[in-house]
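Open the model in your viewer and get ready to make a few selections. We will go step by step, from strands to helices.

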Amino acid sequence: LDLVIVTLGTNDLKNRYSVTAFEIAMGIGALIDIIRKSGSGPGGGVPEILIVCPPPLGELSYLSEILVGGQEKSLELDKYYKKIARLNKCHYFNLGEIIITSEQDGVHYDEDELVKIGEGLAQKVKEIFK
């Protein structure tokens with residue numbers, strides 16, 4: 001693999017997991033370690049790693065009961081993900097800079113936002129491999 005893209009965290013905001021934004025970011029750090037030790041990069045080496053931070057949660061509707069406190073935590077993810085990426089010398093991309101969550105539920109993405117994600121990630125991958 002030339003590149004591994006890790007984009008996780010939204011489901012971790014569910015109150016049943018009882019984790020902080022910092023703890024969610026530490027989970028990303030653990031995944032970085034696994035990727036680096038996997039020997040899955042070119043020639044059995046380490047692939048490039050791109051950490052993608054999900055956007056902050058919007059106004060929650062029917063999902064509000066399972067994401068109590070999730071909006072506040074989602075606002076902190078960028079700070080911690082960015083730090084984890086920097087400390088681990090990984091590439092970083094914050095979806096919150098280019099998209100917003102759906103007005104329907106505050107969590108998922110509308111079709112036009114998915115297009116922005118595709119275009120944004122394509123540009124980031126080009127930057128990584130130029």
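How many bridges join strand E1 to E2, and do the two run parallel or antiparallel? Select residues 3-6 for E1 in this predicted model, then add residues 48-53 for E2. You will find 4 bridges between these strands, which run parallel. To see the pairing up close, pick isoleucine 5, whose bridge partner in E2 is leucine 50. Then pick leucine 3, which is partnered with glutamate 48 in E2.

Next, add residues 91-94, strand E3. You now have an open sheet of 3 strands in the order E1-E2-E3, paired in parallel. E1 and E3 are the edge strands, each pairing on one side only. From one strand to the next, the twist averages 20°.

Stay with E2 for a moment and show the rest of the structure around it. Of its 6 residues, 5 are buried, so E2 is largely enclosed by the rest of the structure.

Now select residues 21-37, helix H1. H1 lies across E1 and E2, and runs at about 160° to E2.

Finally, bring in residues 77-87, helix H3. The axes of H1 and H3 come within 9 Å and cross at roughly 30°. Angles under 35 degrees count as roughly parallel, and the two helices are therefore roughly parallel to each other. H1 passes H3 in a right-handed crossing.

Which residues meet here? Show side chains for Ala21, Phe22, Ile24, Ala25, Met26, Ile28, Gly29 and Ile32 in H1, which meet Leu77, Tyr80, Tyr81 and Ile84 in H3. This contact divides into 11 nonpolar residues, 1 polar and no charged.

Notes. Residues are numbered from 1 along each chain as its sequence is written. This is a predicted model: local features need pLDDT of at least 70, side-chain atom pairs count only at pLDDT 80 or more; totals for chains, interfaces and linings use all residues. Side-chain values use heavy atoms; hydrogens and water are left out. Axes are lines fitted to C-alpha atoms, for helices over the stretch in contact, and angles run from 0 to 180 degrees between N-to-C directions. Angles under 35 degrees count as roughly parallel, over 145 as roughly antiparallel, 65 to 115 as roughly perpendicular and the rest as oblique. A crossing is left-handed if the near helix is turned anticlockwise from the far one by less than a right angle, and right-handed if clockwise. Contact means heavy atoms within 4.5 Å. Ala, Val, Leu, Ile, Met, Phe, Trp, Tyr, Cys and Pro count as nonpolar, Asp, Glu, Lys and Arg as charged, and the others, Gly among them, as polar. Buried means under 20% relative accessible area, exposed over 50%, partly exposed in between (1.4 Å probe, protein chains only). Two strands pair if DSSP finds at least two bridges between them.
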